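Thanks for sharing this one with me. Here are a few notes to read alongside the coordinates.

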Amino acid sequence: MWVDRTVKFSVSALVSINERSSKTSTLSPQFCTHRETSDKRRYPTFARTRPPDTQISKSVTTLLLHFNWTQVAFLHQISLEGEFSAVASTISAAMQASGISVRVEKTWNGPFYLGYMDNPFCKILEETRENAR
């Protein structure tokens with residue numbers, strides 16, 4: 001709804017994918033970063049205030065290239081719902097397209113809470129130490 005040349009949104013920031021498919025209302029969930037909602041054919045009225053998580057790949061590759069890092073070890077979390085796999089795939093493809101070589105890729109089952117469980121990174125660092133240099 002337009003009010004004094006500003007848009008008023010009356011939708012909660014936490015909206016499920018099923019609710020987002022409504023073609024009759026404009027939605028602006030401020031923290032919805034699911035890439036599926038970028039499909040304008042399915043969600044023509046969806047408005048986003050933050051880019052999808054998969055767009056982080058551009059920032060990651062730009063940062064790596066800025067510091068002339070052309071060979072990296074790529075570590076990422078595996079979640080039960082699989083929401084990080086699309087982000088990891090996008091980052092990996094962006095690095096490859098930018099000429100950044102992924103020397104080794106390792107994952108850990110997440111989430112990790114320091115002080116409450118064994119640290120998975122000690123093992124990962126030991127395994128990647130030689131190949132990542």
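The points below go from the overall layout to one helix and then to the core.

1. Please keep in mind that this is a predicted model. The protein chain has four helices and four strands, and their order along the sequence is β-β-α-α-β-α-β-α.

2. On burial, 23% of the 133 residues of the protein chain count as buried. The protein chain exposes about 9,800 Å², with 54% of that area coming from carbon and sulfur atoms. Among contacts with a separation of 6 or more, 41% join residues 24 or more positions apart.

3. Helix H2, residues 56-66, is a nice one to look at end-on. Its buried residues are Ser-57, Thr-61 and Leu-64. Viewed down the axis of H2, these buried residues fall within an arc of 65°, so they line one face of the helix. An α-helix has 3.6 residues a turn, so residues three or four places apart point the same way.

4. The other side of H2 carries the exposed residues Lys-58, Thr-62 and His-66. The cover over the buried residues of H2 includes strand S3 (71-78) and helix H3 (83-97). Just after H2, Asn-68 adopts a positive phi of about 60°.

5. The largest nonpolar core has eight residues: Leu-64, Val-72, Phe-74, Val-87, Ala-88, Ile-91, Met-95 and Ile-100. S3 and H3 are the elements that give two or more residues to this core, and H3 gives the most, with four.

6. Do have a look at Phe-74 too. Beyond its neighbours within four places in sequence, Phe-74 is in contact with several residues, including Ala-88, Ile-91, Met-95, Val-102 and Lys-106.

Notes. Residues are numbered from 1 along each chain as its sequence is written. This is a predicted model: local features need pLDDT of at least 70, side-chain atom pairs count only at pLDDT 80 or more; totals for chains, interfaces and linings use all residues. Side-chain values use heavy atoms; hydrogens and water are left out. Buried means under 20% relative accessible area, exposed over 50%, partly exposed in between (1.4 Å probe, protein chains only). The arc is that of the directions from the helix axis to the C-beta atoms. Contact means heavy atoms within 4.5 Å. A nonpolar core is a set of buried Ala, Val, Leu, Ile, Met, Phe, Trp, Tyr and Cys residues joined through side-chain atoms within 4.5 Å. Accessible areas come from the Shrake-Rupley method with a 1.4 Å probe; for residues, only the protein chains shown count as cover.
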